[in-house]
Amino acid sequence: MEFTTTKREAKSNGVKVLVYSESGVGKTTLCATAPAPIIISAESGLLALKDFDIPVIKIKSLQDLNDAYAWIAARKQGADQFQTICLDSVTEIGEVVLAAAKKTVKDPRQAYGELIEKMTTCIKSFRDLPGKNVYMAAKMEKAKDELTGMMLYGPSMPGSKMGPALPYLFDEVFNLRVMQTTDGQKYRALVTQPDLQYVAKDRSGALDAIEPPNLAHIFNKISEAIPQ
């Protein structure tokens, strides 16, 4: 048996964060605010980072994703230089996995079951990387509550089941949105607490309800709250 403590695990495992938002709000740009990042990307929309020189691993198949994980987990050939692993975005990666699964089955419903199994395993593997901060971006989806008629917002994944399940895999789930001051000035912010419409949570208890869109700030604030 291997014994540890909750404090030791919290200090050594890094911070794992899921952020979702509408398109164009700045999920990709958030990668540039992380300490020593590498981006694992299934998207072509990296133009927002043109002024930076962040290493990128392009994902075109599930095998690419597995290879990227194996390289980082093995901590060799330069992988140790990266402090933050950014998956941009898990929604797009899920679509890559789903497209591949549909080619191997006759009934498309089987492909969605395969998607849930493989993506859950993948997300947990990256989430549990020791000594690394992990940032996963997701698109936002909205659904109408049939009882209240209210629109509800959360992370999006292909299919109807994976998106709602995604927040349960993380201690830190934030909504990135554009907000407005009393005098009409707009600004971007990470919302860390849930309300009647948006999914969010901060299990560290270290964050304010509204935080600046800066991952280094978030990671430091959570790490500094862990007792020595």
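Helices are DSSP runs of at least four residues, numbered from the N terminus. The model shown is predicted.

**View 1. Glu114 and Lys118 pair within helix H4.** Their side chains meet in a salt bridge, 2.5 Å from N to O. Both residues sit in helix H4, four residues apart. About one helical turn separates Glu114 from Lys118. Lys118 is partly exposed, at 32% relative accessibility. Side chains of opposite charge can pair when their charged atoms come close.

**View 2. Thr120 also belongs to helix H4.** The helix spans residues 108-127. The side chain of Thr120 reaches back to the backbone oxygen of Ile116, at 2.6 Å. Beyond its neighbours within four places in sequence, Thr120 is in contact with two residues, Leu115 and Met162.

**View 3. Lys139 and Glu92 form a salt bridge.** The N to O distance between the side chains is 2.7 Å. Lys139 lies in strand E5, residues 133-144. Glu92 lies in helix H3, residues 90-102. The pair therefore ties together parts that are 47 residues apart in sequence. How accessible are the two partners, Lys139 and Glu92? Lys139 is partly exposed, with a relative accessible area of 30%. Glu92 is buried, with a relative accessible area of 18%; the cut-off for buried is under 20%.

**View 4. Glu211 and Lys221 meet in a salt bridge.** The side chains are 2.7 Å apart, N to O. Glu211 lies in strand E10, residues 210-211, and Lys221 in helix H6, residues 215-224. The bridge therefore ties together parts that are ten residues apart in sequence. Glu211 is buried, at a relative accessible area of 3%. Lys221 counts as partly exposed, at 22% relative accessibility.

**View 5. A salt-bridge network takes in Glu211 and Lys221.** Which residues make up this network? Asp208, Glu211 and Lys221 are joined into one network by salt bridges that share partners. Two of these residues also appear in the view before: buried Glu211 and partly exposed Lys221.

**View 6. Salt bridges across the structure.** How many salt bridges does the structure hold? The total is eight. Among them are Glu114 with Lys118, Lys139 with Glu92, and Glu211 with Lys221. The first of these lies in helix H4. Lys139 and Glu92 link strand E5 with helix H3. Glu211 and Lys221 link strand E10 with helix H6.

Note on methods: Residues numbered from 1 in each chain as written. Predicted model: local features only at pLDDT ≥ 70, side-chain atom pairs only at ≥ 80, totals over all residues. Heavy atoms only, no water. Helix = DSSP H or I, 4+ residues; strand = E, 2+ residues; numbered from the N terminus. Polar contact = N/O pair within 3.5 Å; in protein donor to acceptor, adjacent residues only side chain to side chain. Contact = heavy atoms within 4.5 Å. Salt bridge = Lys/Arg side-chain N within 4 Å of Asp/Glu carboxyl O. Buried < 20%, exposed > 50% of the residue type's maximum accessible area, 1.4 Å probe, protein only.
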